[in-house]
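Me: I would like to learn how to read a model one feature at a time. Can we take burial, metal sites, backbone angles and charge pairs in turn?

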Amino acid sequence: MTSTPDYAEKIPNNVDLAGDRRLQRALESWQPNFLSWWESMGPTLPTRDVYLRTAVNVGREGWAHFGHVAMRDYRWGIFLAERDPDRRIGFGEHKGEPPWQKVPGEYRSDLRRLIVIQGDTEPASVEQQRNLGATAPSLYDLRNLFQVNVEEGRHLWAMVYLLHAYFGREGREEAEELLHRNSGSQDAPRILGAFNEETPDWLSFFMFTYFTDRDGKYQLGTLKESAFDPLSRTCEFMLKEEAHHMMVGTTGVDRVVERTAQLMVEHDSDEVAARGGIPLDVIQKYLNFHYSVSLDLFGGETSTNVANYYTAGLKGRWLEGRRRDDHKLTGKSILVDTVDEDGQIGQAEVAALVGLNTDLRREYIADCEGGVKRWNRILEGAGLGARLKLPHAAFNRKVGAFAGIEATPDGERLSADEWNGRRGEWLPTEVDKTHVRSLMQPVHERGKIAAWIAPPRNGINGKPFDYQYVHLA
Ligand SMILES: [Fe+2]
Ligand SMILES: [Fe+2]
């Protein structure tokens, strides 16, 4: 049963922490480590308080509360979506059986691994974004950055809860490691490549929240299907918060494109840099970078591990319930990308089970197309002929079939020399990055906005754009 969150407790939760003293003590001893991680690796801009959303419940009557809070006092809590007593496992060899409330011994290490990999990305993004506050284009954007940061912190809590509650001593050790690894660290980097890249400017931040956070959404979508019920319910609740992160990315890029389009029309020229804007080809290069490193997060085209996870019921497909097949996939096939010995790009038919990474990556790509369409509508609406596009899946890849070759954004093969000579046409160069960074002058004044970005159409929670979203220290 879900209990009502008790805010008198140290750790707000709906998992009846008070009823499990041992678990409560374990989490209470992890909490100061989390706070010292937040202090040393979290946002660097000093603030008095921020207008933040806090998860307080999971019910239909509203799950969040908005108000100004000091970030250090944010109530990072543990919330699982309500338990559905009628739920049945939706796929794999246990399809139709009741979901697991405990971890079956045979799946213990695989489930722990899946939770650790997801958990590792949450604090990583906070680390990547820690210095962005100093260059925020408005208080509205500053607030959104901090909202994403505190919620990624809460997602870390969500994963640490599972590790502490269900995985014994090994789980507690993994929870410590999640604070010990750091984004970009030489000795102890984060597990996945994209989470060790820098997020040095706000164009990168919006591209990150659009493309890389969206990978997170898809991973959570597959874990939400898990036969391990606490993991499923945790991810279901995280996805609610994730929707806001997607909105920050989508509308952030909207607003950059909108401002660039305005300047292009006003001056009848692509040369908007001299007018304080970000040129469209630089936006395209940032898009190319963030999209290609995010594609890598889905792993190789084929994976027997992932096939086994599926058959065992640990990790399903995106929107598993809406797929019209037997949800076991035995005897089914899928076409996956390949590169042959001559380096030619092609496709091969493989068992659907081993091709599940490809299935998920395709769902993700189709979703990413949606963003590009809306950004192109902005360009079209401004009367401009230029368009943005997603690069070919072979472009700038470090993982999977395309890792061994180089290709243009149109999917034309290149030799290593050609690639090295031309990559600056497609990926941000030092000159591009330096220019973008030079635009990142903070606008921390209420109701004001930087010149390289258009203001948002709506504020947060019905508040106007010129609301005092943040009080700086
Ligand atoms: Fe997250
Ligand atoms: Fe997120």
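Me: Does Arg22 count as buried or exposed, and at what relative accessibility?

Reply: First, a caution: this is a predicted model. Exposed means over 50% relative accessible area, and Arg22 reaches 62%, so Arg22 counts as exposed. Arg22 is found in helix H1.

Me: Which residues gather with Arg22 in a patch of positive charge on the surface?

Reply: Arg21, Arg25 and Arg172 join Arg22 in that surface patch. Helix H1, residues 21-41, supplies the largest share, three residues.

Me: Now the metals. Which protein donors does the iron ion (ligand 1) have?

Reply: Start with the ideal case. Ideal angles are 109.5 degrees for four tetrahedral donors, and 90 or 180 degrees for six octahedral ones. Here, the protein donors of the iron ion (ligand 1) are Glu122 (OE), Glu152 (OE) and His155 (ND1). They lie 2.0 to 2.2 Å from the ion. Along the chain, the donors follow the spacing E-x29-E-x2-H.

Me: Which residue coordinates both the iron ion (ligand 1) and the iron ion (ligand 2)?

Reply: Glu152 does, and the two ions are 3.4 Å apart. Glu152 shares helix H3 (residues 139-166) with His155, three residues away, about one turn of the helix. Both Glu152 and His155 are buried.

Me: On to the backbone. What is notable about phi of His327?

Reply: Most residues other than glycine have a negative phi. His327 has a positive phi, near 60°. The residue is found in the loop between helix H8 (304-312) and strand E3 (333-339). His327 is buried, with a relative accessible area of 11%.

Me: Where is Asn461 found?

Reply: Asn461 is found in the loop between H11 and E7. Its phi is also positive, about 55°, although Asn461 is not a glycine. With a relative accessible area of 44%, Asn461 is partly exposed.

Phe465 is also found in the loop between helix H11 (430-439) and strand E7 (470-472). At 18% relative accessibility, Phe465 counts as buried. Phe465 and Leu139 are 326 residues apart in sequence, but 8.6 Å apart in space, C-alpha to C-alpha.

Me: How many salt bridges does the count come to?

Reply: The general idea is simple. Side chains of opposite charge can pair when their charged atoms come close. In this model the count comes to 26 salt bridges. One of them joins Arg53 and Glu151, with the closest N and O atoms 2.8 Å apart. That pair links distant parts of the chain: Arg53 is in strand E1 (residues 47-55), Glu151 is in helix H3, and 98 residues separate them. Arg53 is buried at 10% relative accessibility, and Glu151 is buried at 1%.

Me: Which parts of the chain does the Arg87 and Asp229 pair tie together?

Reply: The closest N and O atoms of this salt bridge are 2.6 Å apart. Arg87 lies in the loop between strand E2 (64-69) and helix H2 (108-128), and Asp229 lies in helix H6 (residues 229-267), so the pair ties together parts 142 residues apart in sequence. Arg87 counts as buried at 15%, and Asp229 counts as buried at 1%.

Me: Where do Arg169 and Glu173 lie?

Reply: Both lie in helix H4 (residues 168-180), four residues apart, about one turn of the helix. Their side chains meet in a salt bridge at 3.2 Å, N to O. Arg169 counts as exposed at 60%, while Glu173 is partly exposed at 42%. Elsewhere, salt bridges that share partners join Asp120, Glu127, Arg181 and Arg190 into one network.

Definitions and conventions:
Residues numbered from 1 in each chain as written. Chains lettered and ligands numbered in written order. Predicted model: local features only at pLDDT ≥ 70, side-chain atom pairs only at ≥ 80, totals over all residues. Heavy atoms only, no water. Patch = residues over 30% accessible without salt bridge, like charges linked within 9 Å, V, L, I, M, F, W, Y side chains within 5 Å. Areas by Shrake-Rupley, 256 points an atom, 1.4 Å probe, with all protein chains shown as cover. Salt bridge = Lys/Arg side-chain N within 4 Å of Asp/Glu carboxyl O. Lys, Arg positive; Asp, Glu negative; His and termini not counted. Charge placed at Lys NZ, Arg CZ, Asp CG, Glu CD. Helix = DSSP H or I, 4+ residues; strand = E, 2+ residues; numbered from the N terminus. Buried < 20%, exposed > 50% of the residue type's maximum accessible area, 1.4 Å probe, protein only. Donors = N, O, S within 2.8 Å, 3.2 Å for Na, K, Ca; no water.
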